[in-house]
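Biologist: I'd like to go through this model with you and ask how each label is earned. Shall we put it on the screen and start?

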Amino acid sequence: MGKRKQTKKFALTKRMLNPHDQRLKENQVKEAAKKKAEEAKAVKHVTPAASSLFFQHNSALGPPYRVIVDTNFINFSLQNKIELVQGMMDCLYAKTIPCITSCVLAELEKLGTKYRMALRVARDPRFERLPCTHKGTYADDCIIDRITTHKCYMVATCDRELRRRIRKVPGIPIMYLSKHRYVVERLPDQGMPS
């Protein structure tokens with residue numbers, strides 16, 4: 001005796017479209033969005049280089065140096081017993097004008113009584129005040145915004161994350177503390193080649 005064939009009865013199974021079928025409108029919309037994203041990636045937006053930059057040499061930098069000071073740089077200077085203005089002059093062998101943004105002052109005020117000595121140093125009349133025009137009081141973003149628009153500043157900070165962000169901006173020297181003294185990174189030689 002032979003084996004009986006079992007066939008599926010009609011209407012028990014529905015015929016379904018493949019979810020990847022081209023006739024579905026959702027797939028057409030997704031494909032169009034994917035093509036647009038690929039076209040946007042193909043166009044590369046490059047910020048124009050500042051006119052003061054000649055390769056990595058920043059011609060806008062020169063004595064008297066304007067140094068934007070960060071919150072932690074003031075704190076570490078006090079811990080290492082270094083007078084800010086004198087230490088900068090000893091490091092750069094030139095007149096320096098420490099600049100402090102209103103965001104850095106606001107950050108020092110928020111830190112409270114533990115940092116009141118740093119706040120007193122920041123309010124020194126030798127410091128130049130830089131008013132901020134952006135929203136928020138995050139000092140790191142404020143400093144990055146300032147140095148990308150104006151290439152005439154150096155930045156004094158001990159924050160590794162901020163230093164990493166500053167290194168992406170060409171022509172901006174970084175001052176930080178190392179072995180109880182100030183060190184400058186990426187300052188081009190001022191002398192002319194012979």
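Modeller: Gladly, and keep in mind that this is a predicted model. Let's begin with an open sheet of six strands, in the order 5-4-3-6-7-8 and with mixed pairing.

Biologist: What makes strand 5 and strand 8 the edge strands?

Modeller: Strand 5 (128-130) and strand 8 each pair on one side only. Across this sheet, neighbouring strands are turned by 35° against each other on average, ignoring direction.

Biologist: How do you know that strand 3 and strand 6 pair?

Modeller: Pairing requires at least two bridges. Strand 3 (residues 65-69) and strand 6 (residues 153-156) are joined by four bridges, so they count as a pair, and they run parallel. One contact to look at is R66, whose bridge partner in strand 6 is Y153.

Biologist: And which elements of the sheet does helix 3 touch?

Modeller: Helix 3 (residues 84-92) packs on the sheet against strand 3, strand 4 (96-101), strand 6, strand 7 and strand 8, and its direction makes about 50° with that of strand 8. Helix 4 packs on the sheet as well, touching strand 3, strand 4 and strand 5, with its direction at about 65° to that of strand 4.

Biologist: Why are helix 2 and helix 4 called oblique to each other?

Modeller: Helix 2 (residues 71-79) and helix 4 (residues 102-111) pack at an angle of about 60°, their axes 9 Å apart. Roughly parallel would need an angle under 35 degrees, and roughly perpendicular starts at 65. The angle fits neither label, and the two helices are therefore oblique. In this contact, T71, I74 and N75 of helix 2 meet V104, E107, L108 and L111 of helix 4. By class, that makes four nonpolar, two polar and one charged residues.

Biologist: How do strand 7 and strand 8 run, and how many bridges join them?

Modeller: Strand 7 (residues 174-178) and strand 8 (residues 181-185) run antiparallel, with five bridges between them. The bridge partner of S178 in strand 8 is R181. The two strands form a hairpin with two residues between them, and K179 in the turn has a positive phi of about 55°.

Biologist: Last one: why do you say that helix 1 lies largely in the open?

Modeller: Buried means under 20% relative accessible area. Of the 18 residues of helix 1, the number buried is one, so the helix lies largely in the open. Helix 1 (residues 25-42) reaches 26 Å from its first C-alpha to its last, close to the 26 Å expected at 1.5 Å a residue.

Technical notes:
Residues are numbered from 1 along each chain as its sequence is written. This is a predicted model: local features need pLDDT of at least 70, side-chain atom pairs count only at pLDDT 80 or more; totals for chains, interfaces and linings use all residues. Side-chain values use heavy atoms; hydrogens and water are left out. Axes are lines fitted to C-alpha atoms, for helices over the stretch in contact, and angles run from 0 to 180 degrees between N-to-C directions. Angles under 35 degrees count as roughly parallel, over 145 as roughly antiparallel, 65 to 115 as roughly perpendicular and the rest as oblique. Contact means heavy atoms within 4.5 Å. Ala, Val, Leu, Ile, Met, Phe, Trp, Tyr, Cys and Pro count as nonpolar, Asp, Glu, Lys and Arg as charged, and the others, Gly among them, as polar. The expected span of a helix is 1.5 Å times one less than its number of residues. Buried means under 20% relative accessible area, exposed over 50%, partly exposed in between (1.4 Å probe, protein chains only).
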